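Subject: Structure handover

Hello,

Here is the structure you asked to look at. Please open it beside this email and follow along.

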Amino acid sequence: DNAQPKKPDWIRVKAPTGAGYRETHKIIREHKLVTVCEEAGCPNAGECWSQGHATMMIMGDVCTRGCTFCNVATGKPDALDLFEPGRVADAVQKLGLNHVVITSVDRDDIDDGGAEHFAQTIRAVRHRSPGTTIEILTPDFLHCAPSVLETVVAAKPDVFNHNLETVPALYPTVRPGARYFHSLRLLQRVKEIDPMMFTKSGIMVGLGEDRVQVHQVMDDMRAAGIDFLTIGQYLQPTPKHHAVDRFVHPDEFAAYEKVAYGKGFLMVSATPLTRSSYHAGDDFERLRAA
Ligand code: SF4
Ligand code: SF4
């Protein structure tokens, strides 16, 4: 039986309207950019785009992995577009962003996993918008030489984010192409290479995990030196995707946030509609001002 629990009223999606939303949409289209906001059908798009916040997805809209929670198409991606870093930089400047989140599909078809393309995009954005803080949300570079990570870190993003997505017990069904400890170690290595770089990770809940497992992931993350944590409700993009096990109550999210700060995370966002990139800029601003 494929019956899904009914969406509770705390999962409310605001309709996309207004001049700000249309302006963001126009800039994204004109620069032929892919956004995770659209690809993932993110429930926050109305709100974020109205404020000019969009998360750019580089290296195409076809992924070599097939995570069962993710709406991005799986297949053989196109060759990298060498002009993309410039277009992203141009769009970031036009959007006038204080903080930008740049993510990508997974490119197991390229030797360096797209590390150099990431680095070029960071450098292009920095060149055009020196005042904009840059957050990257990267793939796991699982099949690459360990040195590719240095390529990305050397471009000096302000925040290095890589999502663990779920608890290790659910990897085989949720994130079959990935390895929990590889992802954790990736983030730990970022800190080793550049101890001043902020690291960030996130998980979705409602996939079938329990609280004890979530607390264990937090401990693992802190042991790897991860600074920022996001926890949000998993929403099923289509009936073909991983089922929603349950809708986690806002009180449980509030409890996760409290526990996480107790474990030493510098910044935590844990609410039903939290996404990796939700209000990322505001949070980062707050932290820097503190
Ligand atoms: Fe886009 Fe992130 Fe906002 Fe969702 S939360 S609309 S993915 S910027
Ligand atoms: Fe989606 Fe990322 Fe998994 Fe690719 S690697 S299927 S983009 S979550």
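Below is what was found, topic by topic. Please keep in mind that this is a predicted model.

**The cavity**

Let's start with empty space. Rolling a probe the size of a water molecule over the atoms shows where empty space is left. How many cavities of 30 Å³ or more does the structure hold? It holds one. The largest cavity has about 60 Å³ of space.

Which residues line the largest cavity? Start with Lys 200, then find Phe 228, Leu 229 and Thr 230. Next come Met 267, Val 268 and Ser 269. Arg 275, Ser 276, Tyr 278, Ala 280 and Asp 283 complete the lining. Three elements each give two or more residues to this lining: β9 (228–233), β10 (267–270) and α11 (280–289). Sorted by class, the lining has six nonpolar, three polar and three charged residues.

**The second largest pocket**

Now turn to a pocket. The second largest pocket has about 190 Å³ of space. Its lining counts 14 residues. Nearest the centre of this pocket lie Met 59, Gly 60, Asp 61, Asp 78 and Ala 79. By class, the pocket lining has six nonpolar, one polar and seven charged residues.

**Around ligand 2**

Look next at ligand 2. The residues around ligand 2 are Cys 63, Arg 65, Cys 67, Phe 69, Cys 70 and Asp 106. Four residues of this shell are nonpolar and two are charged. The shell has no polar residues. Keep Arg 65 and Asp 106 in mind, as both return below in a salt-bridge network.

**Salt bridges**

Side chains of opposite charge can pair when their charged atoms come close. How many salt bridges does the structure hold? The count is 19. Here are some of them.

- Glu 135 and Lys 200 meet through their side chains, at 2.8 Å from N to O. This pair links distant parts of the chain. Glu 135 is in strand β6 (residues 133–137) and Lys 200 is in strand β8 (residues 198–205). The two residues are 65 residues apart. Is Glu 135 buried or exposed? Glu 135 counts as buried, because its relative accessibility is 2%, and the cut-off for buried is under 20%. Lys 200 counts as buried too, at 3% relative accessibility. You met Lys 200 earlier, in the lining of the largest cavity.
- Arg 246 forms a salt bridge with Glu 252, and their closest N and O atoms are 2.9 Å apart. Glu 252 is buried, with a relative accessible area of 6%. Arg 246 counts as partly exposed, at 27% relative accessibility.
- Arg 65, Asp 106, Asp 108 and Asp 140 are joined into one network by salt bridges that share partners.
- Asp 81 and Arg 87 form a salt bridge between their side chains, at 2.8 Å from N to O. Asp 81 is partly exposed, with a relative accessible area of 30%.

**Cysteines**

Last topic. A disulfide is a covalent bond between the sulfur atoms of two cysteines. How many disulfides does a search of the whole structure find? The search finds zero. Two cysteines are still worth a look for their accessibility. Cys 37 counts as buried, at 10% relative accessibility. Cys 48 is buried as well, with a relative accessible area of 13%.

Best wishes

Methods. Residues are numbered from 1 along each chain as its sequence is written. Chains are lettered from A and ligands numbered from 1 in the order in which they are written. This is a predicted model: local features need pLDDT of at least 70, side-chain atom pairs count only at pLDDT 80 or more; totals for chains, interfaces and linings use all residues. Side-chain values use heavy atoms; hydrogens and water are left out. On a 1 Å grid over the protein atoms alone, a cavity is a set of points where a 1.4 Å probe fits but cannot get out, and a pocket is an open set with protein on both sides within 12 Å along at least five of seven lines; lining residues have an atom within 4 Å of a point. Grid points are joined across faces, edges and corners, and a volume is the space filled by probe spheres set on the points. Helices (H or I, at least four residues) and strands (E, at least two) are DSSP runs, numbered from the N terminus. Ala, Val, Leu, Ile, Met, Phe, Trp, Tyr, Cys and Pro count as nonpolar, Asp, Glu, Lys and Arg as charged, and the others, Gly among them, as polar. A residue is near a molecule or strand if one of its heavy atoms lies within 4 Å of it. A salt bridge is a side-chain nitrogen of Lys or Arg within 4 Å of a carboxyl oxygen of Asp or Glu. Buried means under 20% relative accessible area, exposed over 50%, partly exposed in between (1.4 Å probe, protein chains only). A disulfide is a pair of cysteine sulfur atoms within 2.5 Å.
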